[in-house]
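Subject: Structure handover

Hello,

Here is the structure you will be taking over. Please open it alongside this message; my notes on it follow below.

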Amino acid sequence: MISVEQALKRVLSAVAALPAEQVPLARALGRVLAEDVAARVTQPPAAVSAMDGYAVRAADVAKAPAVLKVVGKVQAGAVFKGKVARGQAVRIFTGAPVPQGADSIVIQEDTEAAGGKVTIKEAPKPGRYVRPAGLDFKSGDVGVKSGRRLTARDLGLAAAMNVPWLKVHRRPRVAILSTGDELVMPGSAIGPGQILSSNGISLSAFVVACGGEAIDLGIVPDDRKALAAMAGGARGADMLITSGGASVGEHDLVQEVLGKQGLKVDFWKIAIRPGKPLIFGRIGGTPMLGLPGNPVSSLVCALIFLKPALEKMQGLKPAGDAKPSAVLAKPLPQNDRRQDYLRATLSHRKDGTLLATPFAKQDSSMLATLAHADCLVVRAPNAPAAKSGERVEIVPFPSGPAGI
Ligand code: AMP
Ligand code: MG
């Protein structure tokens, strides 16, 4: 058995960032940028008004009230051809270029217009309500850095920088094969001894939530021939994931059968609960993760090992070392030599403290508690008993539309 830390290191060293591809902005949300985005324009391109009002020379109206002659009008999208001379003003609207000669904007609310003249009632400071050229960014400025997962804000910025296409890392293609004689597809009528296969669905969704592309290869029975035939489905994938059949039972055939297909096992068995009998290796150059069949084990191992691997393949910069934590709402017994990941709910105490309440039952077949949990509480190997109120490390489940 190797430690979780060693296992993760070995998984990560077996994968690398995938090559980049070019996508339009409209298809770039959530993708990881492969090349810095530099502005192709200066924004604003010239000084513009931040308000509706009058463009003036501050010196002319230093002593308010002052009366100016209105010599024109300019709105966003137009340009005032002339120049504002002494004693003159130009009616201006938000976003319009500030006319030559003017240096300040007086907001409409501080003026009174009548008969081609305007009375300025409040003296503006020079430069008031003028957005200078390049206030937002200048041509050549880097707006979004390579290695970042693109947000709606980043895409807006790229658009404003006149960059309509982005180079992003290719999505990892992950083939997923569920093994087990007892499995039937969700929606089927189930016979005696059969259960519904949930791992194919949950792991596919997990891969998509992590930014990958899932290729669900379906269910294969615990049969050497069938398994060997299906292994070919991994061809062209960036990673193969199997669920079930990874343990030591007579019907656990993944290692044996894939071994004959060229699987080179890097490690098998990790000091982790749930998920001890995890296999990791390479089959024909493709990394292969053999997850245990229990639904909670497969998803917890996916969270701990697959998610970081998929992130690295997408070119994401590794997350910092900060480890989120919470305070235990109830005591926990001493741990054995496996690193434990306990399903728990999170709540806030009145003073804002984040509280973690582990479920009483942690059997790795119990998918309902996983779905109802907000995080996993991490218990280090051989951790001593923990009292209620003790601070513990947690692994929160990412939330949002692509939550895990
Ligand atoms: P295994 O790892 O093949 O020994 O399976 C361990 C447990 O997980 C058994 O109770 C299986 O029935 C169950 N199991 C295996 N594959 C799946 C699956 N795709 N969906 C739900 N449960 C599964
Ligand atoms: Mg099985």
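In which loop is Lys269 found? Lys269 belongs to the loop between β18 (263-268) and β19 (272-273). Please keep in mind that this is a predicted model.

Backbone points

Lys269 is not a glycine, yet its phi is positive, at about 85°. With a relative accessibility of 24%, Lys269 counts as partly exposed, because the partly exposed class runs between the limits of 20% and 50%.

Tyr129 is another non-glycine residue with a positive phi, in this case near 60°. Its loop is the one between β9 (117-120) and β10 (130-131). Tyr129 counts as partly exposed, because its relative accessibility is 23%.

There are also cis peptide bonds to look at. One joins Gln43 and Pro44, with omega at about -10°. Pro44 is located in the loop between β2 (37-38) and β3 (48-49). A cis peptide bond also runs from Ala64 to Pro65, where omega is near 0°. Pro65 lies in the loop between β4 and β5.

Ala64 and its surroundings

Ala64 is placed in the loop between β4 (53-56) and β5 (66-74). Is Ala64 buried, exposed or partly exposed? Ala64 counts as partly exposed because its relative accessibility is 36%. Leaving aside residues up to four places away in sequence, Ala64 touches Ile120, Lys121, Glu122 and Ala123. Lys330, by comparison, is 266 residues from Ala64 in sequence, and the C-alpha atoms of the two are 69 Å apart in space.

The ligand site

Where does ligand 1 sit? Ligand 1 occupies the second largest pocket. There are 17 residues around ligand 1, and the ones that come nearest are Glu182, Ser197, Ser198, Gly245 and Gly293. Two strands, β13 (173-179) and β15 (195-196), each supply at least two residues of the shell around ligand 1.

Some individual atom pairs can be checked on screen:

- Ser197: an N or O atom in its side chain is 3.0 Å from a nitrogen atom of ligand 1.
- Asn199: a backbone N or O atom lies 3.4 Å from a nitrogen atom of ligand 1.
- Gly293: a backbone N or O atom lies 2.9 Å from an oxygen atom of ligand 1.

On its own, ligand 1 has 480 Å² of accessible area, and the protein covers 76% of that.

Ala309 and its surroundings

Ala309 is part of helix α6, which spans residues 295-313. Ala309 counts as buried because its relative accessibility is 0%, and the buried class takes in values under 20%. Which residues does Ala309 touch, not counting residues up to four places away in sequence? They are Val11, Leu12, Val15 and Met239. Glu182, one of the residues that come nearest to ligand 1, is 127 residues from Ala309 in sequence and 30 Å from Ala309 in space, C-alpha to C-alpha.

For a start on screen, I suggest ligand 1 in the second largest pocket, then the cis bond between Gln43 and Pro44 and the one from Ala64 to Pro65. After that, Tyr129 and Lys269 can be viewed for their positive phi values.

Regards

Technical notes:
Residues are numbered from 1 along each chain as its sequence is written. Chains are lettered from A and ligands numbered from 1 in the order in which they are written. This is a predicted model: local features need pLDDT of at least 70, side-chain atom pairs count only at pLDDT 80 or more; totals for chains, interfaces and linings use all residues. Side-chain values use heavy atoms; hydrogens and water are left out. Helices (H or I, at least four residues) and strands (E, at least two) are DSSP runs, numbered from the N terminus. Buried means under 20% relative accessible area, exposed over 50%, partly exposed in between (1.4 Å probe, protein chains only). Contact means heavy atoms within 4.5 Å. A residue is near a molecule or strand if one of its heavy atoms lies within 4 Å of it. A polar contact is a pair of N or O atoms within 3.5 Å; within protein, one must be able to donate a hydrogen and the other to accept it, and residues adjacent in sequence count only if both atoms are side-chain atoms. Accessible areas come from the Shrake-Rupley method with a 1.4 Å probe; for residues, only the protein chains shown count as cover. On a 1 Å grid over the protein atoms alone, a cavity is a set of points where a 1.4 Å probe fits but cannot get out, and a pocket is an open set with protein on both sides within 12 Å along at least five of seven lines; lining residues have an atom within 4 Å of a point. A molecule sits in a cavity or pocket if more than half of its atoms lie within 2 Å of its grid points.
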